[in-house]
Amino acid sequence: MKTAIGIIGLGVMGTSISRNLARNGFSLSLYNRFVKGVEEDVAQKKINQYEELESALPFEDLKLFADSLTSPKKILLNLTAGAAVDHIIDQLLPFLTPGDLIIDGGNSHFTDTENRLNRLQSKQIFFMGLGISGGEAGALHGPSLMAGGSEDAYALSENFLKEMAATTAEGEKACDYVGSGGAGHFVKMVHNAIEYAEMQIIAELFEVMHKGMRMGYAEIAAVFEQWNKNEFDAYLLDITIKILKTKDEKGYVLDRILDKASYNQTGSWTLIAGIKDFHSCSMVAAALFSRFNSNRSKAFKGLSITQQEDVPLKLEVDQLRAVFRFTRTVNHYQHFRLVEEMSEKAGWNIDLQKLCSLWSAGCIIKSKLLVQLSPFLENRLGPFFDPQYLNQLNSDRSSVATLITETANTEIPLPCISAAHTYYKQMTQRKSSANIIQAQRDFFGAHGFQIIGGNPGDLHHYPWER
Ligand code: 6PG
């Protein structure tokens, strides 16, 4: 008997996806590499461990694995991004025939996906870069799926991808074709950048409440709970509430976690992509650099900024709620703009409204905001999505300014919150200081400047030291 889908890589994501597909009635072939003493009989062990995988077929031999699949063969890779993906594709190719499909479900860089796509196209093998979000629980119960590549490839896999995906509040499946080439992995990368900044904003607000306002974990959790219930319905806030409530016989688990953040590559990749496109990605930059900076340099050992007096900061939790609303709107705006601009350049034609729907369920950044933003994303992005949001931002902005002022002389850094505030000021100020920059450039390098009211292409030079 041949099976419907082949899964390669049985780490956390691969295993959860396999269980999800099996529960949805798809017959599976499971492959995991053999590494003596480290990864042995992995597929068989997963089958023994999980009831729903009972009828799946286990493999450690790629030829037998490929032979076990119905034609056209559909193979989903769940591997660490990078060389491992190319390696397995090379190994698989001899066992595939034109019309078969390989789906890369890892967090691959979108340009790698485009190279693989081109390479496989010449062999008439379909290839798809599939962004999968939702972590382990999402993969198991319904992730958000962002497919990129050829529409024909998507057509071959749509039925099983939709079955395993999450369902949005509107009853749609959080699974869709987002565009050609590397578009699927590109939007997943940007999703992760939004994730980085939103995590950092929550962490900053936590620090303000805990250190600055002397609130206990339970009290902070109660405030976040109230916000989430009444307004945000954000997954990342929800898990933070759960984290703040988690206690065992040794006390709060959070108190035992070292304050040094780790990271993979998607945050850096978004920043690099933004910079290459001359796009301001200050929110993900602030979040990423905060992770880097949490590994504090030894050069600063023993130094500390003036500590705040032993009086709590004069802030209201409602002001912090306004800060959360303000900063996450800026965060989403910067990244939707990046998608819009890059999509236009690459010809991906990514539909921002569709993206909102895909990100409103199953994924790490799911929240009510994505549902609220959707109506404003039908055509091109307006200023901060829509004048309605601009009004909201304007009224929330003073709370951000108060928070920044109140914490200025404390040891609480607010990189992401400050980045949002600075970006907002720069986007809305009537006149910037860039005339000074232009004058300096012209002074030392005769680079020329544009005259107020002049044609954009006309550059003028002034003989400054005449
Ligand atoms: C998701 C997550 C997932 C991964 C994070 C972690 O959407 O399910 O984004 O892809 O767990 O990207 O990334 P870092 O290790 O860089 O924090």
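Which polar backbone atom is 3.0 Å from an oxygen atom of the ligand? Gly 134 supplies that backbone atom, and the views below start from this spot in what is a predicted model.

**View 1. Polar contacts to the ligand.** Besides the backbone of Gly 134, at 3.0 Å from a ligand oxygen, two side chains reach toward ligand oxygen atoms. Tyr 196 places a polar side-chain atom 2.4 Å from an oxygen of the ligand. For Asn 264, an N or O atom of the side chain is 2.7 Å from a ligand oxygen. The ligand on its own would expose 410 Å², and the protein buries 77% of this area.

**View 2. The shell around the ligand.** Here we step back to the 13 residues around the ligand, of which Ser 133, Lys 188, Glu 195, Tyr 196 and Asn 264 come nearest. Sorted by class, the shell holds seven polar, three charged and three nonpolar residues. Helix H8, spanning residues 183-212, provides the largest share, with five residues.

**View 3. The largest nonpolar core.** Now turn to the 84 residues that form the largest nonpolar core. Phe 186, Trp 227, Phe 336, Leu 355 and Trp 359 have the most contacts inside this core. H8 appears again, giving the most to the core with 15 residues.

**View 4. Leu 355 and its partners.** Setting aside neighbours within four places in sequence, Leu 355 is in contact with Val 178, Val 187, Phe 336, Val 339 and Ile 350.

**View 5. A second core.** Separate from the largest core is another one, made of 32 residues. Among them are Leu 101, Met 128, Leu 130 and Tyr 154.

Terms used. Residues are numbered from 1 along each chain as its sequence is written. This is a predicted model: local features need pLDDT of at least 70, side-chain atom pairs count only at pLDDT 80 or more; totals for chains, interfaces and linings use all residues. Side-chain values use heavy atoms; hydrogens and water are left out. A residue is near a molecule or strand if one of its heavy atoms lies within 4 Å of it. A polar contact is a pair of N or O atoms within 3.5 Å; within protein, one must be able to donate a hydrogen and the other to accept it, and residues adjacent in sequence count only if both atoms are side-chain atoms. Accessible areas come from the Shrake-Rupley method with a 1.4 Å probe; for residues, only the protein chains shown count as cover. Helices (H or I, at least four residues) and strands (E, at least two) are DSSP runs, numbered from the N terminus. Ala, Val, Leu, Ile, Met, Phe, Trp, Tyr, Cys and Pro count as nonpolar, Asp, Glu, Lys and Arg as charged, and the others, Gly among them, as polar. A nonpolar core is a set of buried Ala, Val, Leu, Ile, Met, Phe, Trp, Tyr and Cys residues joined through side-chain atoms within 4.5 Å. Buried means under 20% relative accessible area, exposed over 50%, partly exposed in between (1.4 Å probe, protein chains only). Contact means heavy atoms within 4.5 Å.
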